[in-house]
Amino acid sequence: MSDITLETPEQLPKLVTHQRPLPSEPNIVGESPLHHADLDSIATQGPQVGGVHFCEHKLLGLLTLRCTPSSEQQSEITALLGVALPMKPLTSVVNGDISVRWVGPDEWLIIVPGEQAFDIETRFFETLSGHFSLVNISGGSTVFDVSGDHVVDMLKKSIPVDLHIREFPVGKVVSTILAKSGAIICRLGDNHFELVVRRSFADYLWLWIQDASREYGLVVKAT
């Protein structure tokens, strides 16, 4: 005869469990790669006169579009962005807060306000026909704005591109080396440039710009 006694479920002791409350969702706040530099304080308390002006346009939306656009796709993209893709090499177009930079024969960089990036990305996938690739690179890049009477002199120390206005007119875009890092540079005005740089190199390039601007005087502008 077996010594094992089987108990029915009703006879088994009830286990008491203590459930810990789930932690509340964290309050996620986006931070620019230069948040530690406290540029807004420098803008108000630092020098107000200088030959180079610097500003970080933080937390913008950046989308990389790859395609060989058909006539139908071009019409759809124009309807989505309010501006047609620039088809001429090294050129750019702007429509309000949205800008599009030609960076390759089948590649464009689309820059939009940060809060619009997800919506525009979603509408691309919902409405654009044909073959294409759209990648949101917002989290991996940031945008520097540099200007001033000596901004060209400062940039000459940093990039191997001819910046003379005849060779690099307003609206031109190049992908080049900036102080041993990569950057997409667009000329916005005679003495005004936009630098799209990788987030991981942002602090290094900020320090480089400070050093390269030392002889001209650097003015930090608030966003």
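**Reading burial and contacts in a predicted model**

Reader: Where in the secondary structure does Thr64 sit?

Author: Thr64 belongs to strand β2, which spans residues 61-66. Keep in mind that this is a predicted model.

Reader: Is Thr64 buried or exposed?

Author: Compare its relative accessibility with the cut-off: under 20% is buried. Thr64 has 15%, so it counts as buried.

Reader: Which residues does Thr64 contact, leaving aside neighbours within four places in sequence?

Author: There are two stretches to look at. Glu107, Trp108 and Leu109 are in contact with Thr64. So are Ser133, Leu134, Val135 and Ile137.

Reader: Now a helix. Why can buried residues share a side?

Author: An α-helix has 3.6 residues a turn, so residues three or four places apart point the same way.

Reader: Which residues of helix α5 are buried?

Author: In α5, residues 202-212, they are Ala202, Leu205, Trp206, Ile209 and Ala212. They cover an arc of only 130° around the axis, so they lie on the same side of α5.

Reader: What does Pro33 contact beyond four places in sequence?

Author: One partner is Ala202, which is also among the buried residues of α5. The others are Glu56, Thr142 and Arg199. Pro33 itself lies in the segment before α1 (39-45). Its relative accessible area is 14%, so Pro33 is buried.

Reader: How many residues apart along the chain are Pro33 and Arg198?

Author: They are 165 residues apart, yet their C-alpha atoms are separated by 9.4 Å. For the chain overall, take contacts between residues at least 6 apart in sequence: 63% join residues at least 24 apart.

Reader: How many disulfides does the structure hold?

Author: The count is 0. Check the cysteines for burial as well. Cys67 is buried, at 5% relative accessible area. Cys186 is buried too, at 1%.

Reader: What share of the chain's residues is buried?

Author: Of 223 residues, 42% count as buried. The accessible surface is about 13300 Å², and carbon and sulfur atoms account for 55% of that. The secondary structure comes to 5 helices and 11 strands.

Reader: Where does pLDDT stay under 50?

Author: Over residues 14-20. The model has 0 contacts beyond four places in sequence for that stretch. Set this beside the whole chain: the average pLDDT is 90, and 87% of the residues score at least 70.

Technical notes
Residues numbered from 1 in each chain as written. Predicted model: local features only at pLDDT ≥ 70, side-chain atom pairs only at ≥ 80, totals over all residues. Heavy atoms only, no water. Helix = DSSP H or I, 4+ residues; strand = E, 2+ residues; numbered from the N terminus. Buried < 20%, exposed > 50% of the residue type's maximum accessible area, 1.4 Å probe, protein only. Contact = heavy atoms within 4.5 Å. Arc of directions from axis to C-beta. Disulfide = S-S within 2.5 Å. pLDDT = per-residue confidence, 0-100. Areas by Shrake-Rupley, 256 points an atom, 1.4 Å probe, with all protein chains shown as cover.
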